[in-house]
Amino acid sequence: MVKFNNDWDEILKEEFQKDYYKKIREFLKYEYTHYTVYPDMYDIFNALKATSLGDIKAVILGQDPYHGEGQAHGMCFSVKPNVPIPPSLQNMFLELKNDLGLKIPDNGCLIEWAMQGVLLLNTVLTVRAGRPNSHKNIGWEIFTDQVIKTINQEKQNVVFLLWGNNAKSKKVLIDSNKHYILETVHPSPLSAHGGFFGCRHFSKTNQYLMAHGIQPINWQISDIRDNPYLYMVR
């Protein structure tokens, strides 16, 4: 049984009893036995473990985990410390520098965002090594759609950052009268110059949160030697 050790335990317990999730579990048993799969099976739900429903202020939606060795650890766009920063995340840090004047950190571990209420949710939670989208349509989308629906229903004034077509497709699950939706292209080098650079989504997120009496996000990622949360990253 998956344990989040926060409010997601009660909220999602019925999902784990449903037929679609049982099929995911059987699929993953085979995949983890016969192939290299990312992230580590104990890290699959790290985004929900790190950010409870009650703490959520913003949601960043990714597609599926990084498929290179040692990168994925269960939070979208984030990589483990001492792993080279992937190009999309480099572009996110560049936008943060241009938007808020922040220093580009020496690592790409985003757990500090998660601990402040930024849910870093991939819509597909596993991937076979070297094969992006290889676990698409095995059922993860049903699970993560339920997470998004729950946030939409139970929360108020959450900022949803939808970057790229996959993330934008989830807009139909979000009530824009209750929440703030920010959309642009994916930060990938293939598309970042088409609207991600200059979108100022990080400052817009904080402006919205403050306007609704919510503590803004400190988007600055600490360097490895100063990060108070790295002990939590496997």
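The following paragraphs trace the contacts made by aromatic rings in this predicted model.

Across the structure there are 19 aromatic pairs. One of them joins F45 and W140, whose ring centres are 5.8 Å apart and whose planes meet at 75°, an arrangement classed as edge-to-face. In sequence these two residues are 95 residues apart, so that the pair links distant parts of the chain: F45 belongs to the loop between β1 (37–38) and α3 (46–50), whereas W140 is found in helix α6 (residues 140–154). Both partners fall under the 20% limit that defines a buried residue, F45 with a relative accessible area of 8% and W140 with a relative accessibility of 0%.

A further pair is formed by W163 and F202, and because the planes of these rings stand at 70°, with 5.9 Å between the centres, this pair too is edge-to-face. W163 is part of strand β5 (residues 159–163) and F202 is part of helix α8 (residues 201–211), so the contact ties together a strand and a helix through residues that are 39 residues apart in sequence. Here again the two residues are buried, W163 having a relative accessible area of 1% and F202 one of 0%.

The pair of W163 and F202 also has a wider setting, since both residues belong to one aromatic cluster, which includes F77, W113, F196, F197 and W219 as well.

Finally, the aromatic rings of the model also meet a charged side chain: R128 lies over the face of Y35, at a distance of 3.5 Å from the ring centre.

Terms used
Residues are numbered from 1 along each chain as its sequence is written. This is a predicted model: local features need pLDDT of at least 70, side-chain atom pairs count only at pLDDT 80 or more; totals for chains, interfaces and linings use all residues. Side-chain values use heavy atoms; hydrogens and water are left out. Rings of Phe, Tyr and Trp (its six-membered ring) pair if their centres lie within 6.5 Å; planes under 30 degrees apart count as stacked, over 60 as edge-to-face and the rest as tilted. Helices (H or I, at least four residues) and strands (E, at least two) are DSSP runs, numbered from the N terminus. Buried means under 20% relative accessible area, exposed over 50%, partly exposed in between (1.4 Å probe, protein chains only). A charge sits over a ring if NZ of Lys or CZ of Arg is within 6 Å of the ring centre and within 35 degrees of the ring normal.
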